[in-house]
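Colleague: Please choose one part of this model and take me through it closely, from the pairing of its backbone to the surroundings of its side chains. I would also like to have the cut-offs behind the terms that you use.

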Amino acid sequence: MDYQNRAGSKFGGGGVASHSATNADRRERLRKLALETIDLDKDPYFFKNHVGSFECRLCLTVHQNDGSYLAHTQGKKHQTNLARRAAREQKEGKARDGIDPATGLPLGVAAAGPRRNLVKIGRPGYKITKIRDPSSRQQGLLFQLQFPDIAPDVEPKWQVMNAFTQRIEEPDRNFQYLLVAAEPYETCGFKIPARELDKRDDKQFSFWDPDAKEFWVQVMFMSEREERYGAAPGLSSRR
């Protein structure tokens with residue numbers, strides 16, 4: 001940092017650094033310190049988006065340059081999130097000890113036998129219909145899937161997964177995924193808006209017709225008013 005060539009200072013006498021100059025020097029020192037310990041090519045949380053900015057996948061922050069990202073990695077927020085993730089992974093690893101990966105049951109309980117290797121036969125046929133509740137004006141989606149060659153005594157299962165849990169696409173916080181699985185078909189995923197779902201029984205349900213071999217799933221989104229005031233103190237939850 002050049003102290004002696006600053007305007008208003010005598011040669012060799014240095015000068016009082018401004019607030020912006022001090023911050024710039026601090027960021028540069030943090031950047032050099034981080035470069036000694038971090039290889040960005042091997043950092044799993046470092047991501048360059050389509051507009052040229054840099055993102056931290058762990059903290060969900062956006063940075064204009066790599067120096068800003070490196071300074072962020074030395075900060076309290078990033079270090080705290082790293083410690084939390086390490087503790088969670090260690091806890092999950094201990095929880096999996098003694099678990100049969102093929103069945104998900106304890107080794108003493110899981111029955112001995114070969115693991116099934118089913119051949120996937122493709123994706124099921126499906127139809128998606130946009131619906132609206134006439135009374136509450138809530139918007140929703142109705143999924144109809146056909147499984148003509150489903151395995152005997154198998155009923156399709158479904159769940160909703162957030163964008164940061166899946167590993168197929170780049171995470172996008174504006175969307176979530178509705179998954180439907182039934183052997184021997186491939187798991188089918190539908191990309192839906194990341195809005196809060198109304199989980200009441202009359203709003204969200206699934207139905208399996210074993211005769212027609214059709215599976216129905218209905219999801220309803222909370223209205224904008226319910227999303228805005230649903231968590232307000234003093235208001236009862238409708239779920």
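Modeller: Two strands are said to pair if DSSP finds at least two bridges between them, and the elements themselves are DSSP runs numbered from the N terminus (helices H or I, at least four residues; strands E, at least two). This is a predicted model, so local features need pLDDT of at least 70 and side-chain atom pairs count only at pLDDT 80 or more, while totals for chains, interfaces and linings use all residues. Residues are numbered from 1 along each chain as its sequence is written, and side-chain values use heavy atoms, with hydrogens and water left out.

The part I would choose is strand 7, which covers residues 175-181. On one hand strand 7 pairs with strand 6, residues 157-162, in the antiparallel sense and over six bridges; in that pairing Lys157 has Ala181 of strand 7 as its bridge partner. On the other hand strand 7 is joined to strand 8, residues 188-193, again by six bridges and with the two strands running antiparallel. Here Tyr177 stands opposite Lys191 of strand 8, and the chain passes from strand 7 to strand 8 through a hairpin of six residues. Strand 7 is also mostly covered, since five of its seven residues are buried (under 20% relative accessible area, with exposed meaning over 50% and partly exposed in between, for a 1.4 Å probe and protein chains only).

Strand 7 and strand 8 meet again in the lining of the second largest pocket. A pocket here is an open set of points on a 1 Å grid over the protein atoms alone, where a 1.4 Å probe fits and protein lies on both sides within 12 Å along at least five of seven lines; its lining residues have an atom within 4 Å of a point. The second largest pocket has 14 lining residues, and those nearest its centre are Ile168, Leu179, Thr187, Cys188 and Gly189. Strand 7 and strand 8 are the elements that give two or more residues to this lining, and the largest share, four residues, comes from strand 8. By class, the lining holds seven nonpolar, three polar and four charged residues (Ala, Val, Leu, Ile, Met, Phe, Trp, Tyr, Cys and Pro count as nonpolar, Asp, Glu, Lys and Arg as charged, and the others, Gly among them, as polar).

For comparison, the largest pocket is also lined by 14 residues, with Tyr45, Arg57, Arg85, Phe164 and Arg167 lying nearest its centre, and its lining divides into five nonpolar, two polar and seven charged residues.

Beyond strand 8 the chain enters the loop that leads to strand 9, and Asp198 is found in this loop; Asp198 counts as buried because its relative accessibility is 1%. Strand 9 in turn belongs to an open sheet of four strands in the order 4-5-10-9, with antiparallel pairing. Strand 4 (125-132) and strand 9 (205-209) stand at the edges of that sheet, each with a single partner strand, so one side of each is left without a neighbour in the sheet. Within this sheet, strand 5 (residues 139-146) and strand 10 (residues 214-220) pair in the antiparallel sense over seven bridges, and Phe143 stands opposite Val217 of strand 10.
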